[in-house]
Number of protein chains: 2
Amino acid sequence: MAGGRPREFDVEVALDQAVRVFWQRGYEGAALSDLTEAMGINRPSLYAAFGNKESLFRKALERYTDRQAVHVRDALGCPTARAAAERMLRGAVEVSTQADCPAGCLSLQAGLAMSEDAVATRERLADWRRTGEAGLRERFERARDEGDLPAGTDPGDLAKFVVAVAQGISVQAADGVGREQLHRLVDLALTAWPA
Amino acid sequence: MAGGRPREFDVEVALDQAVRVFWQRGYEGAALSDLTEAMGINRPSLYAAFGNKESLFRKALERYTDRQAVHVRDALGCPTARAAAERMLRGAVEVSTQADCPAGCLSLQAGLAMSEDAVATRERLADWRRTGEAGLRERFERARDEGDLPAGTDPGDLAKFVVAVAQGISVQAADGVGREQLHRLVDLALTAWPA
DNA sequence: CGGGTTCTGTACCGCTTGGTCAAGAACCTG
DNA sequence: CAGGTTCTTGACCAAGCGGTACAGAACCCG
C-alpha cells in the first residue's frame, strides 16, 4: 500500500474552470473536449477525479453555490425580510454581471447557453426578447407623453422590469409552478406600478 | 413545366409540431430524429420544405410569435400603460402554463430545455432554484411571525416574486444588459414591497 | 401516353459526442 | 532498489449528430 503518483493538477482550480465552461456553454453545450481543454487535463484524468460529465456538473454546481451564489445564503441572514429580498436581488445583479465571468446565473445559463456553433440561434432568441421589450418601451414612452405615466418614470426601466418579471414567470412555469400562483405573482409585481 | 408530385403533409401542421419539439427540448436538445418523428415526415422532406435545422427553427420561432406569443403584440394595443403591462404579464402566465403545450416560454425554453438524456441535470437545476426559493420563503415566514412583514402577506408568494425578478435579471444580464440598469430594475421591483 | 418535375424512402456520409483501454511514467513504502 | 499504487498519455470505441445522394413513386401538362 503505497502513495502512488501524485496528480499534476489542482482539483479545485480545475473545478473552477469547469464551472466557467458550464456557465458559458451550458450543460449539453459544454463538450468534454471544451472541459478538458479549459481544465488543462485530459479525459481519463477528468474521469478519475470527477466521475462522468454529470457528476462533474454536480460538483461544479456545488462549487458555484459556495463561491458565486453566496447572496442566496447571505440573504437568509439579513436582519429584515426586506433586507433579505434586497440582498438577494442585488446579489443576483452582481453575480450576473461580473467582469471576468460569463454573464447571467449558472442555474439558468447551464440551460440557456448553447454550444459554440449555435451562436446564431442564441443571438436570434436574445433579439426576439429584446424586440418584445423595445415594443413595450415605446408604448410606455407614448404613455408618458400622454400623461398616462408620471413624468418622472423611465419607460425603459419600466419595460425592463415588466419583461424581467415575465421571464421569471416563464422560468417558474418551466419549473412546475401553477397558473394561480403565477397570477398572484403578477398581482404583487403590479403593486410596483408608479402611482 | 409540370406540377410535380404534391407533398403529402401540411406544412403548417408540421411546423406546429416542430414548435412543440423545440419548445420542449430546446434548440440543440431537439435532434433531427425527434423533429421528423413529431412532424410525421422524413429527413429529406424536412430539408426540402424548411431548409436546414437552423432555418426550421427560425420559421418555428416566427410561427410561435404569431400563434402563441400574441400577448406581446396585444399589450402594445392596450389603452393604458398599466393595462399593457398587465396584459403582458397575464399573457406570459397563460402561455407558459397551457395544458397541451410545454411549460414555459419558447424563447427561454429553447435554451433552458435539454435533450431527453439530460433530464437528471435539468431536474437538478430546477431543484437548485426551488431550494433557494424555499430558503427565502422560510425567512419571510419568520419575518411575518416576528411582525417584520404585514400579517396579510403570503411569504410564499413574496418569495416567488423575488426569485422571479432575480431570474429575470439573470436572463437580461445574459442578453447583455448592464449592471446599472439592472440595479434600477431592482429599485423598481422593491417598490412592490408590502408596506 | 410521354416528358418534365417534385416529392418520398432508404441508405449512407463525415464528424463529434461521452466514455474507456492499455501502456508507461512518477511517486511512496518497505 | 523492488513492489505496489496512482496518475498521464494517446489511441480507440459505439452511438448519435446534422446533412445528403439516389432511386422510385406520384403528380401536371401537352
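Q: What is the relative accessible area of B:Asp16?
A: In this predicted model, B:Asp16 lies in helix 1 (residues 11-25) of chain B; helices (H or I, at least four residues) and strands (E, at least two) are DSSP runs, numbered from the N terminus. A residue is called buried under 20% relative accessible area, exposed over 50% and partly exposed in between, with a 1.4 Å probe and protein chains only. B:Asp16 is partly exposed, its relative accessible area being 28%.

Q: What distance separates the C-alpha atoms of B:Asp16 and B:Leu188?
A: Residues are numbered from 1 along each chain as its sequence is written, while chains are lettered from A and ligands numbered from 1 in the order in which they are written. B:Asp16 and B:Leu188 are 172 residues apart along the chain, and their C-alpha atoms are separated by 38 Å.

Q: Which residues of chain A are in contact with B:Arg124, leaving aside its neighbours within four places in sequence?
A: B:Arg124 has its place in helix 8 of chain B and is partly exposed, at a relative accessible area of 25%. Contact means heavy atoms within 4.5 Å. Leaving aside neighbours within four places in sequence, B:Arg124 is in contact with A:Glu54, A:Arg58 and A:Leu61.

Q: Which residues does A:Ala118 touch, not counting those up to four places away in sequence?
A: A:Ala118 sits in the loop between helix 7 and helix 8 (119-145) of chain A, and with 3% relative accessibility it counts as buried. Not counting residues up to four places away in sequence, A:Ala118 touches B:Tyr27 and B:Glu28.

Q: With which residues is A:Ser107 in contact, leaving aside its neighbours within four places in sequence?
A: The place of A:Ser107 is in helix 7 (residues 106-112) of chain A, and the residue is buried, with a relative accessible area of 2%. Its contacts, leaving aside neighbours within four places in sequence, are B:Leu125, B:Trp128 and B:Arg129.

Q: What turn lays chain B on chain A?
A: Copies are superposed by least squares on the C-alpha atoms of residues with pLDDT of at least 70 in both. Chain B is laid on chain A with an RMSD of 0.0 Å and a shift of 0.0 Å along the axis, by a turn of 180°. That relation is the one given by a two-fold axis, and the same surface serves both copies, since 100% of the contact residues of chain B recur in chain A. The turn asked for is thus 180°.

Q: Why are A:Leu32, A:Leu35, A:Thr36 and A:Met39 on the same side of helix 2 of chain A?
A: These four residues of helix 2 of chain A are buried, and what covers the buried residues of that helix includes helix 1 (11-25), helix 3 and helix 4 (53-67) of chain A. The arc is taken from the directions between the helix axis and the C-beta atoms. The four residues are on the same side of helix 2 of chain A because they cover an arc around the axis of only 95°.

Q: Which helix gives the most residues to the surface near DNA strand C?
A: A residue is near a molecule or strand if one of its heavy atoms lies within 4 Å of it, and 26 residues surround DNA strand C, the closest being A:Leu32, A:Tyr47, A:Lys53, B:Glu8 and B:Asn42. Of the atoms of DNA strand C that come within 4 Å of the protein, sugar and phosphate account for 64%. With three residues, the helix that gives the most is helix 3 of chain A.

Q: How far from a phosphate oxygen of DNA strand C is a backbone N or O atom of A:Leu32?
A: Local features need pLDDT of at least 70 and side-chain atom pairs count only at pLDDT 80 or more, whereas totals for chains, interfaces and linings use all residues, and side-chain values use heavy atoms, with hydrogens and water left out. An N or O atom in the side chain of A:Lys53 is 2.8 Å from a phosphate oxygen of DNA strand C, and a polar side-chain atom of B:Ser45 also lies 2.8 Å from a phosphate oxygen of this strand. For a backbone N or O atom of A:Leu32, the distance to a phosphate oxygen of DNA strand C is 2.6 Å.

Technical notes:
Polar contact = N/O pair within 3.5 Å; in protein donor to acceptor, adjacent residues only side chain to side chain.
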